[in-house]
Amino acid sequence: MSSLDLRQLHDTEFPIPDEMQGNLAITSLSKVYNWSRRSSVWPMLFGLACCAIEMIATAASRYDTARFGMEVMRASPRQSDLMIVSGTVTKKMVVPIVRLYNQMPEPKYVIAMGACASGGGPFKEGYNVVSGMDQYVPVDVYIPGCPPTPQALINGLIALQKKIDGQSLANMDDVPWYGVGPSDPVPIPILGPDIIDPRQMGMIREQAMLAAAGQPYGVRELPAVAMQIATKKISAGAAVAAVSAASVVVDAEAEAARLERRQEAVARKRALLAKS
Amino acid sequence: MTDQMIAPVRPETVDVDAAIGILKERFPDAVKDDTREGYVGVVVERSQLVEVATAIRDELGFDYLSSATAVDYLGIEDSMEMVYHAYRISGGKPLVFKAQTPRENSSIPSLIDIWPGVDFQEREAYDLYGISFPGHPNQKRILMWEGFNGHPMRKDWKEAYYEAELKPFESRWPKGYVRRSEELNIFGKNVAYPADFDLSRLSDDTEASLYAGMGLGVDVEALNSDEELKTDRLVVNLGPHHPSTHGVFRMVVTLNGETIETLEPVMGYLHRNHEKIGERNAWNHNMPFTDRLDYISSMSNNLGYALAVEQLMSRGMRYTPPTYRAEVIRVLMVELTRIVNHLWAIGFLLNDLGAFFTPALYAIAEREKILDFFEATAGSRLMCNYMRFGGVFKDIPERIRSTANLLNDKVRDFETTQYLTQLITETLPRAVDELDTFLTDSEIIKTRTIGVGYLPTETAIAYSAAGPLLRGSGVAYDVRRAEPYSIYPELDFDVAVRYNGDIYDRYLLRIDEMRESLRILKQILPRLERTKGESFFSGNKAVYMPRVAIGEAYGRVENPKGELGYYVVSQGDPKGPQNPWRYHVRAPSFINLTVLGQMCKGQKVADVVAILGSIDIVLGETDR
């Protein structure tokens, strides 16, 4: 069987020998792989604020996340798959959070639980509050509520399971930890006179100069691609007939971007392999 | 009889007005009455503050400094002042004294030698207001990080999402045209960078300044001496991400072997600018924010804030105090909250001791039944936002549908009175007894907790400890009895007190307090029945914005975690919509932590976690 090509498993016409009929079921590797992953998502034991109380209540006997294979909360990021950002993210705390995120092994997921983690919530205007975890770390599921009830959190966890179910081993974008290798760590913010995201130094310098020149609020520019899509959507809105055509264009563009990203990813992996 | 009449008046027993008289006689130049409209107490010349404070403590007997906070009067007086509320541990009204300083180069002598409990509060005033405290041994930022630009609570400091001084903002109300804050901020985030900002010139010394002065490394001379072998000291960071720190709290611990030499709490990881936001909000906007202080006991936080603002409103016109039914419902809610909190605290203390999650699961299961009642009444399990100035916002519902009491997988529909009666007379007493039976005599718990984390009575008072931490050290001080509010004077209950001042006694005290709360609740039930149908709100509901009289007020309640105080100052237009000029929260969790370093000194590192658990902190309140 050494010559078995796993890709053949996707082919439903794959012949099962007579003596093994009734003992074998054929399914896709992705499905088995995802089933095992989704049923044992270990969250990090990591509470920030009020939402953490509801998170604990969800883990306790009445709501019981053990039903979803999530009862094992690990205090170490190295042993956990899921970071539930449960509460207000402050500028002082975002530094350790990003560090913890970087320490988690892939595959890793982030749930922004509650209004604060999703977008700043009631404390958004505060001088020490970050407007949402997604400013620094990619977020998979957002759960509204202040705080979300345990039912809402469970709904979010099920949404995450669905997301895991939809990922395919065949697509390197879905499972980059097999395809391209571990993703790059998120640069850790710096606490200066205010919090500094190192990725944005250029923008910061530019805007700071604008401010110094006496322009109190410079116009923020949208990134080029997003701008194009936005203008297209607006022009499409003018004529109803053009809507479907425009959305097709957008989809094609997104598809092209995805393909390009993937080719880059493959090239990166080739280079890595060649090096080793 | 004649002996008593001849005996001179003892200054430490006279009432507050007489005490102020004595003080003015003693320091005619330094102490003056606070004559501003709506203000109480005295203003003390800052150069003599230490002498006056010593006299207040030693001669007049005000030995418990409840709160010390700063106020910025920019535009009104162009000065800043520190406001101190000193109480007698035997109960009674506060002696309020203030010290003023100009806004430039502001400094006020530190009172840390008189009341060590001001330590963190002075550091907070330095951090947020920039007032320096000569004489403070460890004056550095406490909530923000070292190197942060400016002192954010000053009235002329604007946050990055600044829109206007006061809410409701023009952009949202009454026209309803909303602009997102991101569009107003030049950087698109809640960040403002100085104009000449440059990363290369930045030196991050946040951590370095923390470790400075901790006395690390080997003492070479000690190695050469013939004394016992000295080992290198080791610094251990507990937190901010640590399962036992009850949130994002951090302790920097210096160890000698396994013994703790110094412990320094580091906080601010959940500093979400409660007070700055509170000063922009209108008076009743702050009610839902108080929920998020001590998020386990939101009902009690509501009551404290309502009491403080009602104090102010009672000085104005057209104010009617809360109705009797409102007070009954308030006490019902607050005492249920106390049980919720203590169940949680005991469950997690056991977690910290190593009984991982089993006791907590039992405690949480009982808690859920109370939360069901909260949800049916206020609409939310955790953030109830239930009290209003002059009552509560809604009556108790007729029926309650509870999922915690599933019967054959069906949600049960109860009559509320029946549900409450069963909860208070059967379910909760049984739960408390159950915890008591299984935990109190446990050999492991006794070994781990008896004699650990000892806090002597005098230290507890001097460090302004409050709540179970204070009462566990033998001080029968409970705001419900010391300065009664609501309908507590007519209720029959005892102040729980334990005398050994260790973790075990604090645990026992919480069991006692739950039993006392149940005793109160049993007296509440007939009152609830008797007042059925009466009004639960005294004010005029059509009034959206309450009119608050000008002046200051300090409202305090006995929260499950200790004394929760709100210091509010009202300035501005008494006719139009108003906002608090100053809105300060005297958080028990924050001030109880002042003594943590003392309690942990000489203990083993494994006990730190248990000692912290026995103080029972919550970070929303610690960092605000």
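Contact here means heavy atoms within 4.5 Å. This is a predicted model in which local features need pLDDT (the predictor's confidence in each residue, from 0 to 100) of at least 70, side-chain atom pairs count only at pLDDT 80 or more, and totals for chains, interfaces and linings use all residues. Residues are numbered from 1 along each chain as its sequence is written, chains are lettered from A and ligands numbered from 1 in the order in which they are written, and side-chain values use heavy atoms, with hydrogens and water left out.

**Exercise 1. Describe the surroundings of B:Asp294.**

Step 1. Place the residue in the chain: B:Asp294 lies in the loop that links helix 9 (286–291) to helix 10 (298–313) of chain B, where helices are DSSP runs of H or I with at least four residues, strands are runs of E with at least two, and both are numbered from the N terminus.

Step 2. Decide on burial: because its relative accessibility is 0%, B:Asp294 counts as buried, a class that covers values under 20% relative accessible area (1.4 Å probe, protein chains only), with exposed over 50% and partly exposed in between.

Step 3. List the partners: once neighbours within four places in sequence are left aside, B:Asp294 is in contact with B:Asn301, B:Asn341, B:Asn559, B:Lys561, B:Val618 and B:Glu621.

Step 4. Look for polar contacts (a pair of N or O atoms within 3.5 Å; within protein, one must be able to donate a hydrogen and the other to accept it, and residues adjacent in sequence count only if both atoms are side-chain atoms). The side chain of B:Asp294 makes one with the side chain of B:Ser297 at 2.7 Å and another with that of B:Lys561 at 3.3 Å.

**Exercise 2. Characterise the interface between chain B and chain A.**

Step 1. Count the residues: 66 come from chain B and 62 from chain A.

Step 2. State the buried area, that is, the accessible area (1.4 Å probe) that two parts lose on being put together, summed over both: about 5,800 Å², with carbon and sulfur atoms giving 64%. B:Trp145, B:Ile186 and B:His241 supply 14% of the area that chain B buries against chain A, more than any other three residues.

Step 3. Count the salt bridges (a side-chain nitrogen of Lys or Arg within 4 Å of a carboxyl oxygen of Asp or Glu): there are three between the chains, and A:Arg62 and B:Glu368 form a salt bridge through their side chains at 2.6 Å, N to O.

Step 4. Judge confidence: the model scores ipTM 0.86 and pTM 0.84, while chain B has a mean pLDDT of 84, with 88% of its residues at 70 or more.
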